Protein chains: 2
Amino acid sequence: MTKTPKKSDFPVSKVRRYLEPGPIVLVSSAWDGRSNIMTMGWHTCMEFTPALVGCVISAGNHSFDMVRQSGECVINLPTTTLTDAVVGIGNTSGAEIDKFAHFGLTKEPAEKVAAPLIRECHASFECRVADDRLVDAYNFFVFEVVKAHAAVSPKHPETLHYTGDGVFMVSGRVISRRSRFLPEML
Amino acid sequence: MTKTPKKSDFPVSKVRRYLEPGPIVLVSSAWDGRSNIMTMGWHTCMEFTPALVGCVISAGNHSFDMVRQSGECVINLPTTTLTDAVVGIGNTSGAEIDKFAHFGLTKEPAEKVAAPLIRECHASFECRVADDRLVDAYNFFVFEVVKAHAAVSPKHPETLHYTGDGVFMVSGRVISRRSRFLPEML
């Protein structure tokens, strides 16, 4: 069984802690009585406050319409304990299977959006669409993170970073250079 | 001395190999007879062909005007051998120092843009601004990678992934699940 980290409230202004390193994430969505999950590697932080995150959700994905229609999603952070689920979710379609059931993942109610959190993930960020100007051109959504949840430990979970070709790099080993940063740059 | 990887041409449609994992990158720019380098962690792939990359370059950075005026930059991929240069570049301003000279980095002429490549980096991606619609709102540039260069080895260089607070995670260890991907998903 997958371990289930216990999550606490996390400041939305600090989600760069988890997203700036560029991990593969799982995007959960809900619309019209159905829910879905997709694997996503194309995202970037855009602002601390409001906490903005930009993401490409390809129009070919079953999740695209659910996010477009609902204007909401949850960005969940899986760790290496979920590698096989991440791969499976990326290689199946929500038009054909219920991904929560199929991959043994658990829906938890979010606080501010209708899309569910994924309990087995290390962190979950509830998002609302803040700007859709680049959706038609590039399938690029700007989301505001309106509520964040993160496990307190481990402090540096092993995350997956996708390189294409079925290969992930793993992050987790840490280098600190804190003493060499200007205070205003921390 | 920093080792200098020998770079070859790399297909622009495959830059996700290096950028999707979410590494810290060094952005070099040139304008009006001057050049500069900034450290950047807020970027995302947006399309394979054309090869689009979205980036936040804060208007507070000396590089912002150089990129805005020239419409060009080079995104360079440093590895852990350059950790101290990455930190130094992120904590100084090009308004005050010549970062190439100060951090012992070497300019190489690019092929399609005026901004210089950084010789000591593992890969360098020559970029032109493709869409500036979100620059005023979020300092978000959409670049097209018009020419790419990458070292052939090491195959999985150790890259730096910034978490804030002066702390980087290191990627390099690899997990392959290639056999579990659908052919069209590779």
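## Symmetry of the two copies

Copies are superposed by least squares on the C-alpha atoms of residues with pLDDT of at least 70 in both. In this predicted model, a turn of 180° with a shift of 0.0 Å along the axis lays chain A on chain B with an RMSD of 0.0 Å. The two copies are therefore related as by a two-fold rotation axis. Within chain A, A:Gly22 has the C-alpha nearest the axis, at 1.9 Å from it.

## Composition of the interface

Chain A contributes 48 residues to the contact, and chain B contributes 48 residues. On the side of chain A that touches chain B, at least two residues each come from α1 (16–19), β4 (43–47), β5 (52–56), α3 (83–90), β11 (159–162) and β12 (167–176) of chain A. The element that gives the most to this side is β12(A), with 10 residues. Sorted by class, the side of chain A that touches chain B holds 22 nonpolar, 16 polar and 10 charged residues.

The copies meet through the same surface, because 100% of the interface residues of chain A are also interface residues in chain B.

## Strand pairing across the interface

Besides giving the most residues to the side of chain A that touches chain B, β12(A) pairs with a strand of the other chain: 9 bridges join β12(A) to β12 (residues 167–176) of chain B. These two strands run antiparallel. Among the residues involved, A:Phe168 has B:Ile175 as its bridge partner in β12(B).

Definitions and conventions: Residues numbered from 1 in each chain as written. Chains lettered and ligands numbered in written order. Predicted model: local features only at pLDDT ≥ 70, side-chain atom pairs only at ≥ 80, totals over all residues. Contact = placed C-beta atoms within 7 Å. Helix = DSSP H or I, 4+ residues; strand = E, 2+ residues; numbered from the N terminus. Nonpolar A, V, L, I, M, F, W, Y, C, P; charged D, E, K, R; others polar. Pairing = 2+ DSSP bridges.
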